[in-house]
Amino acid sequence: MYLAINKENPKTYHSFEWTFDDKLLINNTQANPNEWEIVEVDIVERSSGHWIVDDYGVIDGPFNSLETLYNKI
């Protein structure tokens, strides 16, 4: 899974999509690609809950359920 992470505030992240004409959409609104970093993340389950992690560590968590996690992104 990939997420767009805000470069100024790394705790702000969203799912995203690219349009056919290479525009970045976050929450169905055009965003400036220079303000966001696209990173590959994993969702891991531990006894403490579900976590969103990247190559450098934890992005967010724990979440009590996958539904709660997916509602966040």
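**Exercise 1. Is Phe16 buried, partly exposed or exposed, and what is its relative accessible area?**

Solution. Keep in mind that this is a predicted model.
- Step 1: The relative accessible area of Phe16 is 23%.
- Step 2: Buried would mean under 20%, and exposed would mean over 50%.
- Step 3: Phe16 therefore counts as partly exposed.

**Exercise 2. Find the aromatic pair and describe its geometry.**

Solution. A pair of aromatic rings is described by the distance of the centres and the angle of the planes.
- Step 1: The count of aromatic pairs comes to one, and its members are Phe16 and Trp18.
- Step 2: Their centres are 6.5 Å apart, with 80 degrees between the planes.
- Step 3: Planes over 60 degrees apart count as edge-to-face, so Phe16 and Trp18 form an edge-to-face pair.
- Step 4: Turn to the surface around Trp18: with a relative accessibility of 43%, Trp18 is partly exposed.

**Exercise 3. Work out the strand order of the open sheet, and say which strands stand at its edges.**

Solution. Let's go strand by strand.
- Step 1: The sheet has three strands, ordered β2-β1-β6, with antiparallel pairing.
- Step 2: β2 (13-14) and β6 (36-40) each have a single partner strand, so they are the edges, and one side of each has no neighbour in the sheet.
- Step 3: Five bridges link β1 (residues 2-6) to β6 in the antiparallel sense.
- Step 4: For one bridge to look up, take Leu3, whose partner in β6 is Val39.

**Exercise 4. Which residues that are not glycine have a positive phi, among them one in the loop between β3 and β4?**

Solution. Two residues can be looked up here, one loop at a time.
- Step 1: In the loop between β3 (17-18) and β4 (24-26) you meet Asp22. Its phi is positive, about 65 degrees, though Asp22 is not a glycine.
- Step 2: Asp22 has a relative accessible area of 61% and is exposed.
- Step 3: The loop between β4 and β5 (29-31) holds Asn28. Asn28 is not a glycine either, and has a positive phi of about 60 degrees.
- Step 4: Asn28 is exposed too, at 68% relative accessibility.

**Exercise 5. Locate a cis peptide bond and a nonpolar surface patch.**

Solution. Take the bond before the patch.
- Step 1: Gly61 and Pro62 are joined by a cis peptide bond, with omega about 5 degrees.
- Step 2: Pro62 belongs to strand β9 (residues 57-63).
- Step 3: Met1, Leu66 and Tyr70 make a nonpolar surface patch of about 280 Å².
- Step 4: Of these, Leu66 sits in helix α1 (residues 66-72) and is partly exposed, at 37% relative accessibility.

Methods
Residues numbered from 1 in each chain as written. Predicted model: local features only at pLDDT ≥ 70, side-chain atom pairs only at ≥ 80, totals over all residues. Heavy atoms only, no water. Pairing = 2+ DSSP bridges. Helix = DSSP H or I, 4+ residues; strand = E, 2+ residues; numbered from the N terminus. Phe/Tyr/Trp six-rings, centres within 6.5 Å; stacked < 30°, edge-to-face > 60°. Buried < 20%, exposed > 50% of the residue type's maximum accessible area, 1.4 Å probe, protein only. Patch = residues over 30% accessible without salt bridge, like charges linked within 9 Å, V, L, I, M, F, W, Y side chains within 5 Å. Areas by Shrake-Rupley, 256 points an atom, 1.4 Å probe, with all protein chains shown as cover. Salt bridge = Lys/Arg side-chain N within 4 Å of Asp/Glu carboxyl O.
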